[in-house]
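Reader: I'd like to go through this one with you and ask why things get the labels they do. Can you pull it up?

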Amino acid sequence: MERTLVLIKPDGVDRNLIGEIIKRFENGGLKVRDMKMVAPKKEFVEIHYAMHKGKPFFDLLIKYLANRQVVAMVLEGKDAVALVRKIVGTTDPSKADKGTIRGDLGNDSREKADAEHRSIYNVIHASGTPEEAKVELKLWFGK
Ligand code: ATP
Ligand code: MG
């Protein structure tokens, strides 16, 4: 069994998608092992997304999450990291496959985000690799 970190980002919380999102993970065979609602400080979000430091969208990404309510959860299952990424879909919701969370529930695009000088709003964060998952679970849940 493998564990991974998922965040329901502020747009997902604001749009009342928490229940729908958890249902999709549970239906996909994942177990929710821990969960909390928090508004992470700017410095905390900067650590979480440290891998993107220096990229053009970094500051916009920090602004998207800092001091806003997110739901953080630990999901467990076989090949959980890859399975969760598959259920979530690709970064740009306008390009994400139908049947994925971002494809079905996302309402944003890279083009819209660029035009409005903000981060892409895409409902979910999910750890990208098992190594990232270990670091992120430690950061968010201390385990
Ligand atoms: P996440 O890490 O949040 O699960 P991801 O792995 O699909 O998303 P990353 O490349 O890690 O995508 O980017 C992190 C987040 O930064 C994206 O989810 C999105 O919110 C934002 N982002 C990525 N690329 C851009 C961009 N070109 N313009 C604006 N925002 C972006
Ligand atoms: Mg990522």
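**Labels and cut-offs**

Author: Sure. Keep in mind that this is a predicted model. Let's start with Gly99: beyond its neighbours within four places in sequence, Gly99 is in contact with Arg24 and Asp104. Gly99 sits in the loop between helix 5 and helix 6. Its C-alpha atom and that of Gly89, ten residues apart along the chain, are 8.5 Å from each other.

Reader: Why is Gly99 called exposed?

Author: Exposed means over 50% relative accessible area. Gly99 has 56% relative accessibility, so Gly99 counts as exposed.

Reader: What about Asn16, then: buried or exposed, and how do you know?

Author: Asn16 has 68% relative accessibility, so with the cut-off at over 50%, Asn16 counts as exposed. You'll find Asn16 in the loop between helix 1 (10-14) and helix 2. Asn16 also has a positive phi of about 60°, although it is not a glycine.

Reader: And what makes Asn67 exposed?

Author: Put its value against the cut-off again: Asn67 has 53% relative accessibility and the label needs over 50%, so Asn67 counts as exposed. Asn67 is in the loop between helix 4 (58-65) and strand 3. Its phi is positive, at about 60°, and Asn67 is not a glycine.

Reader: Let's go inside. Which residues of the largest nonpolar core touch the most other members?

Author: That core has 20 residues, and Val6, Ile21, Phe25, Val84, Ile101 and Ile124 touch the most other members. Among the elements that give two or more residues to this core are strand 1 (2-8), helix 2 (18-27) and strand 4 (124-126). Helix 5 gives the most, with four residues. A second, separate core has 16 residues, including Leu5, Val45, Trp140 and Phe141.

Reader: What is Phe25 in contact with, leaving aside its neighbours within four places in sequence?

Author: Phe25 is in contact with Val6, Leu30, Leu75, Val84, Ile87, Val88, Ile101 and Ile124.

Reader: Now ligand 1. What makes the pair between Arg102 and ligand 1 a polar contact?

Author: The cut-off is a pair of N or O atoms within 3.5 Å. An oxygen atom of ligand 1 is 3.1 Å from an N or O atom in the side chain of Arg102, so the pair qualifies by that definition. For the side chain of Ser119 the distance is 3.4 Å, so that pair qualifies too. With Ile120 a backbone N or O atom lies 2.8 Å from an oxygen atom of ligand 1.

Reader: How much of ligand 1 does the protein cover?

Author: The protein covers 86% of the 580 Å² of accessible area that ligand 1 has on its own.

Note on methods
Residues numbered from 1 in each chain as written. Chains lettered and ligands numbered in written order. Predicted model: local features only at pLDDT ≥ 70, side-chain atom pairs only at ≥ 80, totals over all residues. Heavy atoms only, no water. Core = buried A, V, L, I, M, F, W, Y, C linked by side-chain atoms within 4.5 Å. Buried < 20%, exposed > 50% of the residue type's maximum accessible area, 1.4 Å probe, protein only. Contact = heavy atoms within 4.5 Å. Polar contact = N/O pair within 3.5 Å; in protein donor to acceptor, adjacent residues only side chain to side chain. Areas by Shrake-Rupley, 256 points an atom, 1.4 Å probe, with all protein chains shown as cover.
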